[in-house]
Each structure stands twice: as structure tokens, then as C-alpha cells.
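Colleague: Could you take a close look at one part of this model for me, namely the side-chain contacts made by its charged and aromatic residues? I would like one connected account rather than a list.

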Amino acid sequence: MYGGDVGKGAARDIPIFLHERPFEDALQAARDAIERRLIEVTRSRRTGPAASSQLDDAIRYAVLGGGKRLRAILVLLTNDMLGGNVERALHAAAAVECVHAQSLVHDDLPCMDDDDLRRGKPSVHRKFDEATAVLCGDALLTLAFELLADERTHLDPSCRLRLITELARSVGRDGLALGQTLDLKASMAWSADEMLHCAELKTARLFEFSLLVGAIVAGARHEQLASLVKFGTVLGLAFQVSDDLLDRLGDEEQIGKRLNKDAVSGRRTATEIWGIEGAREKLHQLASDGRSQLACFGEPACHIRELIDVVVGRVP
């Protein structure tokens with residue numbers, strides 16, 4: 001069974017009722033559909049001798065063929081949980097993945113975290129050059145706005161405008177950009193509250209946005225949106241704590257990026273504040289809080305609840 005009509009000639013990429021399929025099957029179906037949509041939306045529109053460019057190559061290199069797609073999957077699972085058109089939500093999910101890829105491309109730059117590896121391959125500024133990486137990030141972010149403004153995301157212009165506004169708030173001066181600014185100024189003198197505030201802006205805000213996107217496209221009620229934002233905050237913080245633990249305990253080859261960089265750069269993370277075991281306890285506490293935030297959604301939220309276990313299970 002497949003999603004309803006999404007416009008004349010539109011491809012039906014994904015089965016509906018993801019929450020009724022086995023968890024791993026649902027995730028694979030979502031990943032495959034997201035990848036196909038990303039291939040479509042990042043394809044060069046030019047023709048003739050200059051049909052492609054280094055910028056196009058960098059965009060596709062940054063966004064295709066790698067990553068867990070966790071945030072984009074959250075868009076689809078949330079939309080599915082609320083009975084929305086999952087096929088339509090794919091365009092919104094692709095927008096979220098473009099934003100996430102942009103944040104990684106810029107985060108890896110020498111003036112930011114200065115990472116040579118991302119997803120087990122050279123980061124964009126190493127594969128191409130620094131200027132191309134900056135422009136690639138700019139292009140990915142503007143592509144995300146373009147996708148949210150497209151009728152394929154939603155027929156109602158007011159809904160599309162709301163999505164665009166939410167994205168601007170999530171990544172702008174009071175969201176991800178501010179979180180990145182705070183992260184650059186992080187030090188070993190940070191308190192737990194300062195560290196968590198930075199993580200909420202830099203990491204959790206995009207999780208919140210992913211859940212909001214899926215819910216808004218599905219026509220969620222105000223109280224549902226409020227619960228999902230709270231869940232997104234908790235899930236994002238759990239992801240950051242697990243990331244901090246992986247930076248100390250993970251395998252660089254498996255994770256695909258340089259480890260122990262926080263200690264080298266003098267950042268005080270969850271593992272420095274609470275210790276390894278304390279950070280593990282905090283991670284499990286956040287996971288428990290997240291499950292409680294989803295209780296009101298009942299059985300259709302089963303796969304989103306299982307994603308919490310995926311985040312916790314990243315840590316060896």
C-alpha cells in the first residue's frame with residue numbers, strides 16, 4: 001500500500017504505515033526513499049557543455065551515499081505516526097538532510113572544528129578546497145529553503161511559509177549558528193548548564209526542527225507539536241552526550257571521523273563534566289525522559305521510541 005496522490009506524474013517512493021512494519025525494514029525503506037529524493041533534488045539543472053560544476057560535485061559529495069539519515073528519518077516517522085502523507089513528507093525530509101549536510105561541511109572547516117574526515121572520507125574542504133566547501137554549505141542551505149517552498153512539500157502556501165520560518169529560526173542567530181558560536185568559545189571552565197545550552201542550540205535544535213517538519217506537514221495539533229519539541233530537545237541532548245562518549249570510547253575507523261579532538265581543543269564535554277560513567281547515566285536518563293514525552297502518541301510512536309535505543313546503542 002502506498003501514499004496517496006501527490007500530484008500528476010509524481011513517483012510513489014515509499015510505503016505508508018511505516019510504524020506497522022518491522023523497525024529495521026521501516027528504517028531501510030525510509031533511507032532508500034530519502035536517498036532517491038536527494039539524488040533527484042541535487043541533480044544539476046544545467047544543460048550543454050557546463051552541465052555540471054565543481055560546486056555541483058561538492059554538493060553531491062557532501063549529501064549523498066553516507067550518514068545515518070537520522071534527522072530525515074525522524075521527519076518521515078513523525079509524519080507517519082500522525083497519519084500524514086509520507087510521500088509528500090519526503091521533500092521536507094530531503095530539506096532537513098540538506099541542512100544537516102551544510103552544518104557538517106561548515107563545521108569541518110579549518111576555521112571551525114578543522115576536521116579532515118567525515119563519514120570515513122575526506123571532508124569537503126579536503127576533497128575540493130576551502131572556498132568550494134563554504135559555497136557548498138551555502139548552496140545546501142538555500143536548497144533546503146527551496147525544497148520547503150515547493151508545492152511538493154505541501155499544497156497550502158501558509159504551511160510552506162511556516163516551515164520556512166521554522167527553519168530560519170532553527171538554524172539562524174538564535175539556533176544552530178549561535179550554538180556553533182558558543183561551541184567555538186567552549187573551554188574547560190564550562191559548567192554543565194553552559195555545555196547543555198550549547199548542545200541544545202547546536203545539536204538538539206535540528207532534531208526539534210525535524211520532528212516539527214514531519215508534524216506540520218501531517219497537520220498536527222498544537223499540543224502534539226509541543227510534546228514533539230520537548231522530545232526533540234531530549235533526543236538531541238542524548239545524541240550529543242553519546243557523541244561525547246564516542247569521542248572518548250569510539251573507534252575512529254568505524255565512526256569515520258577524528259576522535260579525542262575535544263580534549264585536544266580544550267572543550268569541556270559531558271565526559272569531562274560527569275566522567276565516563278556519569279555521562280552514561282545522563283544518557284540513559286535522557287533516553288527515559290524521551291520515552292515519557294512520546295507516551296501520549298501510543299503505539300504509532302513505536303519506531304520513534306526505538307530510535308532512542310539507536311542513539312544509546314551507539315556507545316560501546
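Modeller: What follows goes through the salt bridges, then the aromatic pairs, and then the charges placed over a ring. The model is a predicted one, and a search of the whole of it finds 17 salt bridges.

One of these joins Lys-202 to Asp-107, whose side chains meet with N and O 3.5 Å apart. Because Lys-202 lies in helix H9 (residues 192-218) and Asp-107 in helix H4 (residues 86-107), this pair ties together parts that are 95 residues apart in sequence. Asp-107 is buried, its relative accessible area being 9%. Another salt bridge is formed by Arg-118 with Asp-108, where the closest N and O atoms are 2.7 Å apart; here Arg-118 belongs to strand E1 (residues 117-118), while Asp-108 sits in the loop between H4 and E1, ten residues apart. Both Arg-118 and Asp-108 are buried. These two salt bridges do not stand alone, since Asp-107, Asp-108, Arg-118, Asp-183 and Lys-202 are linked in a network of salt bridges.

Helix H9 also holds a salt bridge within itself, between Arg-205 and Glu-208, with the closest N and O atoms 3.3 Å apart. The two residues are three apart in the helix and are therefore separated by about one helical turn. Arg-205 is buried at a relative accessible area of 18%, and Glu-208 is likewise counted as buried, at 8%.

Turning to the aromatic side chains, the structure holds two aromatic pairs. In the pair of Tyr-61 and Phe-128, the ring centres are 5.6 Å apart and the planes stand at 80°, so the arrangement is edge-to-face. Tyr-61 lies in helix H2 (residues 54-63) and Phe-128 in the loop between helix H5 (124-127) and helix H6 (130-149), so that this contact ties together parts 67 residues apart in sequence. Tyr-61 counts as buried at 16% relative accessibility, whereas Phe-128, at 22%, is partly exposed. In the pair of Phe-207 and Phe-239, the centres are 5.4 Å apart and the planes are at 50°, so the pair is tilted. It links distant parts of the chain, with Phe-207 in helix H9 and Phe-239 in helix H10 (residues 222-249), 32 residues apart. Phe-207 is buried at 0% relative accessibility, and Phe-239 is buried at 7%.

The ring of Phe-239 also meets charged groups: the charged end of Arg-71 sits over it, 5.0 Å from its centre, and the charged end of Arg-314 sits over the ring of Phe-239 as well, 4.1 Å from its centre.

Conventions
Residues numbered from 1 in each chain as written. Predicted model: local features only at pLDDT ≥ 70, side-chain atom pairs only at ≥ 80, totals over all residues. Heavy atoms only, no water. Salt bridge = Lys/Arg side-chain N within 4 Å of Asp/Glu carboxyl O. Helix = DSSP H or I, 4+ residues; strand = E, 2+ residues; numbered from the N terminus. Buried < 20%, exposed > 50% of the residue type's maximum accessible area, 1.4 Å probe, protein only. Phe/Tyr/Trp six-rings, centres within 6.5 Å; stacked < 30°, edge-to-face > 60°. Lys NZ or Arg CZ within 6 Å of the ring centre and 35° of its normal.
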